[in-house]
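Q: I am new to this structure and would love a close look at its salt bridges. Could you walk me through them slowly, and then show me what lies around them?

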Amino acid sequence: MDLYEYQGKELFRRFGIPVSDGRLATTPEEARAAAVELGGPVVVKAQVMAGGRGKAGGIKLANDPAEAERKAAEVLGLDIRGHVVRRLWIERASEIASERYLSVTLDRGEKKPLLMFTTEGGVEIEQVAAEHPDALVRLHVDPLAGYDESIGRRLVGGDAQTLAIVEQLYRCFVECDATLCEINPLIVTPEGAVRALDAKVTIDDSALFRHPDIAEWRDTSAADPLEALAREKEVTYVKLDGSVAIVGNGAGLAMATVDVVVVAGGRPANFCDLGGASNADTVTRALEVIAHDAQVRSILFNIFAGITRCDEIARGMLIAIERAEISAPIVVRFDGTNAAEGRAILADSGRPNIFIEPTMLDAARRAVELAA
Ligand code: GDP
Ligand code: MN
């Protein structure tokens, strides 16, 4: 689960990381009231789950409440890379002497948290990594040994304020079960105060049950519409960005199918797991979700039936094709219980958009071909 900047800053504040005082606003009038309360110049900040808001016109300085109201009206409703601005964070403006970057991420390859720091903050970290790789310090933390100050010193040097923030950010990462805690920019003011001016936090969905207070922050209106539909229809579905839709029964088989489609040169449109005991109804609901994805060019069914019966799946497919008016080609690989019966039902249906293949690899190749 990704957090909005203001939510990430709330977590930072709980862990002692200095952030600017601010208020949430959803209308220009609320933005004006927030500016009055805060006093002095403020920054009007679009709250969307996308980076680079500054460049996209989503971050504006306002010198007084009237200007805050005007800037809020400009920013509300803006479309920032597909995210429409509905919430604003109005924050007391900071003076900036320099901008740094600090983050903790989960390095899955190393199976360790990774700390990153650079004094070249304010720009996107990928750009720093590409243009000034020497300026980027990367250090892993052994999760069993934990963090100690010698790690912080190697990362950022001896400044006490920055060292404290590194330790607090690491604690925030571990205690909130985060997979990302990023501060960009971490600023130094002309007076020498160090403060987090932005917050990007991702919490591991599988650990959210341990953090009911954070789970409550989920903004269902910002969720991917396809994934929201899938949740509503109780379909296990993850949206991906390719054109070959994938349906398997069992998470392992569905993941293997994603891999085989990539091996065959294709790009999966989604991961969809019908589950262990799937039937006609499960298939219908899954296909209804998939039918809503305009990027889908072909659909690959990979069924290895045990408790599930292939004839049931075949019947569900025919119902769903009718109901959801699916015209994309559907490639089917059936194996296991009642596979022959399932294939016969599909063959007898006379549907020109159903293709039956004998193996998983053959089916993946055909689906990729049909999506081209
Ligand atoms: P992002 O573009 O989505 O990463 O949004 P940020 O919150 O990082 O803001 C983008 C940029 O706006 C920062 O790198 C700063 O340069 C600038 N900015 C944000 N808040 C302030 C502020 O309080 N004072 C000043 N002077 N600049 C700010
Ligand atoms: Mn930023």
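A: Let's begin with a yardstick: a residue is called exposed when its relative accessible area is over 50%, buried when that value is under 20%, and partly exposed in between. Please also keep in mind that you are looking at a predicted model.

Why would two side chains form such a pair at all? Side chains of opposite charge can pair when their charged atoms come close. In this structure, the count of salt bridges comes to 28. A few of them make a good tour.

A good place to start is helix α10, which spans residues 280–291. Within this helix, D281 and R285 are 4 residues apart, about one turn. Their side chains meet in a salt bridge, with 3.2 Å from N to O. D281 has a relative accessible area of 44%, so it counts as partly exposed. R285 is partly exposed as well, because its value is 23%.

Helix α10 also takes part in a salt bridge that reaches outside it: E288 pairs with R323, and their closest N and O atoms are 3.2 Å apart. Since E288 belongs to α10 and R323 to helix α11 (residues 310–323), this pair ties together parts that are 35 residues apart in sequence. This is where the yardstick helps. E288 has a relative accessible area of 13%, so it is buried, whereas R323 reaches 55% and is therefore exposed.

Some salt bridges share partners, and in this way E5, K9, K45, R53, E91 and D198 are joined into one network. One member of that network, D198, has another role to notice. Together with N184, D198 is a protein donor of the manganese ion (ligand 2); the donor atoms, O of N184 and OD of D198, lie 2.2 Å from the ion. N184 sits in strand β10 and D198 in the loop between β11 and β12, so-called distant parts of the chain, 14 residues apart. Because their relative accessible areas are 12% for N184 and 19% for D198, both donors count as buried.

Now for a pair that spans more of the sequence. R14 forms a salt bridge with D213, the closest N and O atoms being 3.0 Å apart. R14 is in helix α1 and D213 in helix α7 (residues 212–215), which places the two partners 199 residues apart and links distant parts of the chain. With 43% relative accessibility, R14 counts as partly exposed; D213, at 37%, is partly exposed too.

Helix α1 deserves a second look, for the nonpolar side of the story. L11 touches L3, C172, C176, V201, I203, I214 and W217, leaving aside residues up to four places away in sequence. L11 is also among the residues with the most contacts inside the largest nonpolar core, along with F12, L102, I183 and I203; that core has 38 residues. At least two of its residues come from each of α1 (5–14), β7, β8, α5 (149–156), α6 (160–175), β10 (178–188), β11 (194–196) and β12 (200–203). The largest share, 7 residues, is supplied by α6. Another core, of 35 residues, lies apart from this one and includes Y237, V296, I313 and L318.

Finally, helix α1 brings us to a sheet. This open sheet has 4 strands in the order β1-β6-β2-β3, with antiparallel pairing. β1 (22–25) and β3 (59–62) each have a single partner strand, so one side of each is left without a neighbour in the sheet. On average, neighbouring strands here are turned by 20° against each other, direction ignored. α1 packs on this sheet, where it touches β1, β2 and β6 (88–92), and its direction makes about 50° with that of β6. Helix α3 (residues 65–75) packs on the sheet as well, touching β2, β3 and β6, with its direction at about 165° to that of β3.

How values were computed
Residues numbered from 1 in each chain as written. Chains lettered and ligands numbered in written order. Predicted model: local features only at pLDDT ≥ 70, side-chain atom pairs only at ≥ 80, totals over all residues. Heavy atoms only, no water. Core = buried A, V, L, I, M, F, W, Y, C linked by side-chain atoms within 4.5 Å. Buried < 20%, exposed > 50% of the residue type's maximum accessible area, 1.4 Å probe, protein only. Contact = heavy atoms within 4.5 Å. Salt bridge = Lys/Arg side-chain N within 4 Å of Asp/Glu carboxyl O. Donors = N, O, S within 2.8 Å, 3.2 Å for Na, K, Ca; no water. Pairing = 2+ DSSP bridges. Axes fitted to C-alpha atoms, helices over the stretch in contact; angles between N-to-C directions.
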